[in-house]
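Notebook open, and I want to go through the empty spaces in this one, then a couple of helix packings. Here is what I am looking at.

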Amino acid sequence: MKRKRVVAIAPYSRPWSNVELIKDCGLIPYLLYREHSCDSVMVCSTPDADALPPSIYDSCDEDILSVYFPYYHLVSGEKFEFLPDGSVETKQQYIINYANDIDILILRGVYADNLTLPYIYKTLNPRGKIYCGLDMNTSWMRKIDWTNGAIVSYMDNTDLLATSCTRTAELMTSELPWDIKCIPNGSYNFNAKFNEYVDFDKRENIIITVGRLGTIQKATDILLLAFAIASPSLPSWKLELIGNVEESFMPVVNQIFSAFPDLREKVVFTGPINDRTALAREYRRAKIFALTSVLEGGTPNAAADAVSAGLATCITDIDASSDITDYGRCGLVSPIDDYEAFARSLITLCQSHELKQYSEHAYSYGKTFYNMSRIVNTIYDQL
């Protein structure tokens with residue numbers, strides 16, 4: 001039987017980024033290849049026009065691909081097709097040339113570069129299927145003109161529309177003339193041994209956060225201030241911050257450390273941990289995942305990874321907060337931009353006699369709701 005051909009086309013002029021290979025952008029086509037025997041291709045502009053001629057590159061070219069995508073070895077078997085450039089016209093021509101060879105077209109977001117592609121594809125291949133992960137939050141939803149003809153055409157011609165958290169999906173479905181599914185950004189362990197639960201009593205009194213530290217979106221200052229307030233009540237607990245630190249944020253860190261000198265012994269900035277095995281170990285030795293974001297594009301990948309690793313969660317009320325905490329069954333939610341309230345939540349969670357139950361429930365919940373293999377099965381079945 002002929003293998004289904006899956007094409008995931010980048011929604012911007014730049015190539016796919018390395019980290020997108022291990023997020024839903026790359027994991028969905030990869031798991032369609034690995035678990036459903038599809039011929040999966042990620043299409044984008046070439047990352048190096050001088051060294052990489054437009055062509056299809058696969059696992060035979062792993063040495064080449066790994067230069068530009070260090071995570072490629074994790075998704076080996078997934079193909080890349082590099083276009084001469086990332087223009088809308090080049091993508092349109094690609095669809096015109098190959099529409100009849102594509103069984104499933106994967107798009108991302110309501111971006112200008114995408115808007116004409118579903119109509120062209122469906123006109124040339126009416127039997128083909130389109131999945132779009134809308135990469136949406138309620139704030140962005142309110143800024144889009146959903147009566148715009150190009151956007152209406154885009155939505156009407158897409159077979160499966162989804163956003164990554166329940167709150168946004170329900171709001172969009174109630175206010176817009178389309179059925180928007182909740183298909184979360186899931187978690188996937190490339191090393192199967194990390195699927196096992198680490199007993200709570202073997203974990204350390206560590207609160208971790210993972211992400212781009214110091215950005216306005218992540219509000220890392222709220223987390224540091226909250227931990228500074230909570231710390232005297234939590235003498236045995238440490239805070240570990242994993243990720244790149246914005247240079248402009250370091251003066252804020254120094255000010256907080258000057259005001260709360262005891263924090264220097266209890267707060268660790270690890271820097272980015274790009275090795276997936278090393279990062280998985282950090283999740284598995286901690287007890288709590290903290291997130292003080294002001295805004296997220298649905299479910300943050302770090303939150304899905306944390307819940308699936310069995311961490312209780314302490315987060316702000318972003319769109320995905322109810323999903324991440326399973327409506328309070330594995331964590332607590334605080335108001336956005338309120339470090340005092342977040343401090344109270346940290347104290348409550350760290351001192352809770354139910355913290356172990358939060359952890360165990362998070363693990364079992366994450367292995368169902370955030371299970372990337374299950375999520376891709378759902379996509380495949382609905383297409």
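Before I name any elements: helices here are DSSP runs of H or I with at least four residues, numbered from the N terminus. I also note that this is a predicted model.

**Entry 1, the largest pocket.** I started with the open space. The largest pocket holds about 1,200 Å³. I counted 46 residues in its lining, and the ones nearest its centre are Val19, Lys23, Arg212, Lys218 and Asn301. Which helices each supply at least two residues of that lining? I found helix 1 (24-36), helix 5 (138-143), helix 10 (276-285) and helix 11 (301-308). Sorting the lining of the largest pocket by class gave me 19 nonpolar, 15 polar and 12 charged residues.

**Entry 2, the second largest pocket.** I get a volume of about 240 Å³ for this one. Its lining has 17 residues, with Tyr188, Asn189, Phe194, Arg276 and Ala280 nearest the centre. Helix 10 and helix 11 turn up again, as the elements that give two or more residues to this lining. Which of the elements gives the most to the lining of the second largest pocket? Helix 10 does, with six residues. By class I have eight nonpolar, five polar and four charged residues in the lining of the second largest pocket.

**Entry 3, closed space.** Next I looked for cavities. How many of 30 Å³ or more does a search of the whole structure find? I wrote down three.

The largest cavity has about 90 Å³ of space in it. Its lining residues are Ala8, Ile9, Trp16, Asp24, Cys25, Ile28, Pro29, Ile106, Leu107, Arg108, Tyr131 and Gly133. Strand 1 (5-9), helix 1, strand 5 (104-108) and strand 6 (129-133) each put in at least two of these. Helix 1 contributes the most to the lining of the largest cavity, at four residues. The class split for this lining is nine nonpolar, one polar and two charged.

For the second largest cavity I get about 80 Å³. I listed its lining as Asp24, Arg108, Tyr131, Gly133, Leu134, Asp135, Ala162, Thr163, Ser164, Ile183, Asn185 and Gly297. Asp24, Arg108, Tyr131 and Gly133 line the largest cavity and also appear in the lining of the second largest. Strand 6 and strand 7 (160-163) each supply at least two residues here. The lining of the second largest cavity divides into four nonpolar, five polar and three charged residues.

**Entry 4, helix 1 against helix 15.** Helix 1 kept coming up, including in the linings of the largest pocket and the largest cavity, and I checked its packing. Its axis comes within 10 Å of that of helix 15 (residues 372-382), and the two cross at roughly 80 degrees. Angles of 65 to 115 degrees count as roughly perpendicular, so I can call helix 1 roughly perpendicular to helix 15. From helix 1 the contact uses Asp24, Leu27, Ile28, Leu31, Leu32, Glu35 and His36, and from helix 15 it uses Met372, Ser373, Val376, Asn377, Ile379 and Tyr380. I classed the residues of this contact as eight nonpolar, three polar and two charged. Asp24 is in this contact as well as in the lining of the second largest cavity.

**Entry 5, helix 8 against helix 13.** Last lookup. The axes of helix 8 (residues 220-230) and helix 13 (residues 339-351) come within 8 Å, and I read a crossing of roughly 55 degrees. That angle makes helix 8 oblique to helix 13. Is the crossing of helix 8 and helix 13 left-handed or right-handed? I noted right-handed. Helix 8 makes the contact with Ile222, Leu223, Leu225, Ala226, Phe227, Ile229 and Ala230, while helix 13 brings Tyr339, Glu340, Phe342, Ala343, Leu346 and Ile347. In class terms, the contact of helix 8 with helix 13 has 12 nonpolar residues, no polar ones and one charged.

Methods
Residues are numbered from 1 along each chain as its sequence is written. This is a predicted model: local features need pLDDT of at least 70, side-chain atom pairs count only at pLDDT 80 or more; totals for chains, interfaces and linings use all residues. Side-chain values use heavy atoms; hydrogens and water are left out. On a 1 Å grid over the protein atoms alone, a cavity is a set of points where a 1.4 Å probe fits but cannot get out, and a pocket is an open set with protein on both sides within 12 Å along at least five of seven lines; lining residues have an atom within 4 Å of a point. Grid points are joined across faces, edges and corners, and a volume is the space filled by probe spheres set on the points. Ala, Val, Leu, Ile, Met, Phe, Trp, Tyr, Cys and Pro count as nonpolar, Asp, Glu, Lys and Arg as charged, and the others, Gly among them, as polar. Axes are lines fitted to C-alpha atoms, for helices over the stretch in contact, and angles run from 0 to 180 degrees between N-to-C directions. Angles under 35 degrees count as roughly parallel, over 145 as roughly antiparallel, 65 to 115 as roughly perpendicular and the rest as oblique. A crossing is left-handed if the near helix is turned anticlockwise from the far one by less than a right angle, and right-handed if clockwise. Contact means heavy atoms within 4.5 Å.
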